[in-house]
Amino acid sequence: MAKASVELTRELQDSIRRCLSQGAVLQQHRVKLETKPKKFEDRVLALTSWRLHLFPLKVPAKVESSFNVLEIRAFNTLSQNQILVETERGTVSMRLPSAESVDQVTRHVSSALSKVCPGPG
C-alpha cells in the first residue's frame, strides 16, 4: 500500500480496510470533497484495484459513495491539487493535500484503465 496521509488516524485507516477487505485498499488520501459550490467537506478517498470509495472521517467506516474506474467519463486536473471526476451518476470535485497525491490518484486510475483497454505497443 502506498503511504497513507499522516492526517488519517490508524484507527480510521484500519476501519476502512476492514470495510473494504484487508488486502483490497491500495491507497488512502484525505481529501476535501466539494459538496456545494465553494463548500468543501473532509473525506477519505480509498482506492482499490477497480474502484474509488469516499468515506466520512468517522469510525466505524461506512462507504458514502463509490464508483468503478470504468464509470469515469472524464478525469480532469483543475489545479495543482484539485481533480474533477465526471461519472455516469454525477461529478465529483476533490482537493487533495498535495500535487503528489493528485499524481498518485491519476496514475492509479490510468493504470486500472490501461489494464482493461491497453494501448498499442
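This passage describes the fold, packing and ring contacts of a predicted protein model. Local features required pLDDT of at least 70 and side-chain atom pairs pLDDT 80 or more, while totals for chains, interfaces and linings use all residues. Residues are numbered from 1 along each chain as its sequence is written, and side-chain values use heavy atoms, without hydrogens and water.

The protein contains two helices and seven strands, taken as DSSP runs (H or I, at least four residues, for helices; E, at least two, for strands) and numbered from the N terminus. Their order from the N terminus is α-β-β-β-β-β-β-β-α. The C-alpha trace spans about 45 × 35 × 25 Å along its principal axes.

Of the 121 residues, 40% are buried (under 20% relative accessible area, 1.4 Å probe, protein chains only). The largest nonpolar core, a set of buried Ala, Val, Leu, Ile, Met, Phe, Trp, Tyr and Cys residues joined through side-chain atoms within 4.5 Å, has 18 residues. Leu 45, Leu 52, Leu 54, Ile 83, Met 94 and Leu 96 have the most contacts inside this core. Helix H2 (99-116) is among the elements that give two or more residues to it, and H2 gives the most, with four. Another core, of nine residues, lies apart from it and includes Leu 12, Ile 16, Ala 46 and Phe 55.

Beyond its neighbours within four places in sequence, Leu 45 is in contact (heavy atoms within 4.5 Å) with residues including Val 31, Leu 52, Leu 54, Met 94 and Val 105.

Arg 95 lies over the face of Phe 40, at 3.9 Å from the ring centre (CZ of Arg within 6 Å of the ring centre and within 35 degrees of the ring normal).

Notes. Buried < 20%, exposed > 50% of the residue type's maximum accessible area, 1.4 Å probe, protein only.
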